[in-house]
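Please read these notes with the structure open beside them. They take the strand first, then the pairing of the chains.

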Protein chains: 2
Amino acid sequence: MAMTARHSESRYGNRPTMKDVAARAGVGLKTVSRVVNGEPGVTPDTERRVQEAIEALGFRRNDSARVLRKGRTSSIGLVLEDLADPFYGPLSRAVEEVARAHGALLINGSSAEDPEREQELVLALCARRVDGLIVIPAGDDHRYLEPEIKAGIATVFVDRPAGRVDADMVLSDSFGGAREGVAHLVAHGHRRIGFIGDQPRIHTAKERLRGYHTAMTDAGITVEDSWVSLGSTDPARVRAAAETMLRGPEPVTALFAGNNRVTVTVVRVLAECDRRIALVGFDDIELADLLGITVISQDAAAVGRTAAEHLFRRLDGADHAPARVELATRLVPRGSGELPPAA
Amino acid sequence: MAMTARHSESRYGNRPTMKDVAARAGVGLKTVSRVVNGEPGVTPDTERRVQEAIEALGFRRNDSARVLRKGRTSSIGLVLEDLADPFYGPLSRAVEEVARAHGALLINGSSAEDPEREQELVLALCARRVDGLIVIPAGDDHRYLEPEIKAGIATVFVDRPAGRVDADMVLSDSFGGAREGVAHLVAHGHRRIGFIGDQPRIHTAKERLRGYHTAMTDAGITVEDSWVSLGSTDPARVRAAAETMLRGPEPVTALFAGNNRVTVTVVRVLAECDRRIALVGFDDIELADLLGITVISQDAAAVGRTAAEHLFRRLDGADHAPARVELATRLVPRGSGELPPAA
DNA sequence: CTCGGATATGACAACGTTGTCCAGGGCCTA
DNA sequence: TAGGCCCTGGACAACGTTGTCATATCCGAG
């Protein structure tokens, strides 16, 4: 007898509608709506009958229809680079918590750092009429969002600035953080300091590189080309870059890693290295305290929370000019950044 | 001149509809629909006119209305415990990739291990008529999902079995993994082995505890009550538990940590400890290789991918009885689990 | 020249909900 | 008892899209 079902011809597998509930309870359609939405003006007795019918039929309101009528989806979209990256998990969770406090659901998507995929995702979210968008840009041209923003989809850009579009942004102080980290190495006696970063088309990567250069210049050090490596954060490439810098007659005595993925690979390389090389990494990492890795820490959860709060302030009607918030980073000394230059 | 806007009275901030596009292009409503959906039967010339109108007005199809008509949302819901947990990031990302391959978006929510919040989230997703659901259960009674499942929302439970409901499940072999890990410690000469786990109402926690007991019994060891600690994974509690087990006249010589959060805290405690205590943890952790932590590893991405593939197979019409898949775990020896008992 | 048939297009209903508005009935007051 | 008011409940339109079906147009064959 384990057959039947699944040959239903109607959508939603024949879900009951308010009309069905109304028929069963012997009341009008609108009365069901009132009960479902907790609106006043229904006698306890009627309400009970309606509730029973709802229960019996397994009715659940169809939010698609509701949205169509009301014009608000109570959902926001978050487009980031990669949910699997330990930096974005807490960020996303923080956004979710704020959304929840405002009764909204969160739809997220990973752009995989691909501008085209970013656009595709963002526009899909717009088609669903999310109330707001939080975007960690992969591309650098967001003019495609102009009609959407004009049409009322509140948008906040995070971590990297929006391209060619005027909107709210929440950033971390990449420049200042990198500068501080490199200066920290300088203060511990290093002069030949390597920098391994992400692709320079990424804003944060560029800013961190700039921080590195500024700190070096401030210290009166001329940066040699071989000390800088930019490109993908693919472990193989980072490993090769690090090994190159550590070889040769004049190897670097310290490294600055441009983000968490770079740091992880560099730590692995250094673990196999006989000399003691100093290291400061951008972004904190779980267990970095136990490994004694000095980092420039940015609070991912705070970034997410700030962005989401901005977003909902907009949704609640805030009407000021687009703002740009920059969150400070924090140097967390744990040992690796305080090593003196190896002989 | 930076005023105006934002006083629009209509919903969606006055977004143009197909009707508007039709009027502007001088064609019928349905023709616009055809163009937007790439349906055949439109002259190139007409299509061009419609495209221009779309461009000029900044039209974007309203998917809410579309969903109402078509009955499919092309979105799936994922309810997990905490997106910020490094175990769930990759899992969620894997689900997203599969969804993307099927043209669906992913809505996720964190239950924070609260059954009530789980139910609230799940039902909100059902109200939005997600096509399918992937749930990492917080509660142990999912009968509330019965009407939804009956109504056609495909559901796959992950990591922990569903409560009192017949549905697809994708689990890791918690029992076998824990048993293997504890046996590994036994094989290295340990007999007084502590177990620190999560709340026993969580299925995986219970299974891992069972694996521990089985391995101990298999080795002919009688477990003392003081060797086992179950409860929240709050660092303070775990720390206290570990410290207690390591104190006293007959301290444990090895610890088995029930999940990644417990492991992290235990590693911290052991780092402050003068004796060398062996450790095996359930779940892998970033950089665990560098710290030499032996773990029972489960592939979060594989779990997510498997679950999502099951889900879409259902959505594509698979009609077999609910299946239960159990994924194997893998012991990864890295040093901490191979330490001999301290004197 | 006519007819069959393909092709392009539009009119209209329907999806399930909510907002507006009106009707009926009970109750209070004058 | 009439008049008015409040309270409850229902009929109906609208939200923006898609499916169905009818119509207009055009082509080629007979």
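Which element gives the largest share of the surface near DNA strand C? Helix 4 of chain A does, with five residues.

This is a predicted model, in which local features need pLDDT of at least 70 and side-chain atom pairs count only at pLDDT 80 or more, while totals for chains, interfaces and linings use all residues. Residues are numbered from 1 along each chain as its sequence is written, chains are lettered from A and ligands numbered from 1 in the order in which they are written, and side-chain values use heavy atoms, with hydrogens and water left out.

1. Surroundings of the strand. There are 28 residues around DNA strand C, and A:Arg69, B:Gly28, B:Thr31, B:Thr43 and B:Thr46 come nearest; a residue is near if one of its heavy atoms lies within 4 Å of the strand. Of the strand atoms that come within 4 Å of the protein, 61% belong to sugar and phosphate.

2. Individual approaches to the strand. The side chain of A:Arg69 has an N or O atom 2.6 Å from a base oxygen of DNA strand C. For B:Arg69, a side-chain N or O atom is 2.7 Å from a base nitrogen of DNA strand C. A:Ser33 instead places a polar side-chain atom 2.8 Å from a phosphate oxygen.

3. Extent of the protein interface. In chain B, 67 residues are in contact with 67 residues of chain A, contact meaning heavy atoms within 4.5 Å. The two chains bury about 6000 Å² between them, 52% of it on carbon and sulfur atoms; buried area is the accessible area (1.4 Å probe) that two parts lose on being put together, summed over both.

4. Charged pairs. The interface of chain B and chain A holds 14 salt bridges, each a side-chain nitrogen of Lys or Arg within 4 Å of a carboxyl oxygen of Asp or Glu. One of them joins A:Arg117 to B:Glu97, with the closest N and O atoms 2.8 Å apart.

5. Symmetry. A turn of 180° and a shift of 0.1 Å along the axis lay chain B on chain A with an RMSD of 0.1 Å, superposed by least squares on the C-alpha atoms of residues with pLDDT of at least 70 in both. The two copies are thus related as by a two-fold rotation axis. In chain B, B:Ile107 has the C-alpha nearest the axis, 2.1 Å from it. The copies meet through the same surface, because 100% of the interface residues of chain B are also interface residues in chain A.

Technical notes. A polar contact is a pair of N or O atoms within 3.5 Å; within protein, one must be able to donate a hydrogen and the other to accept it, and residues adjacent in sequence count only if both atoms are side-chain atoms. Helices (H or I, at least four residues) and strands (E, at least two) are DSSP runs, numbered from the N terminus.
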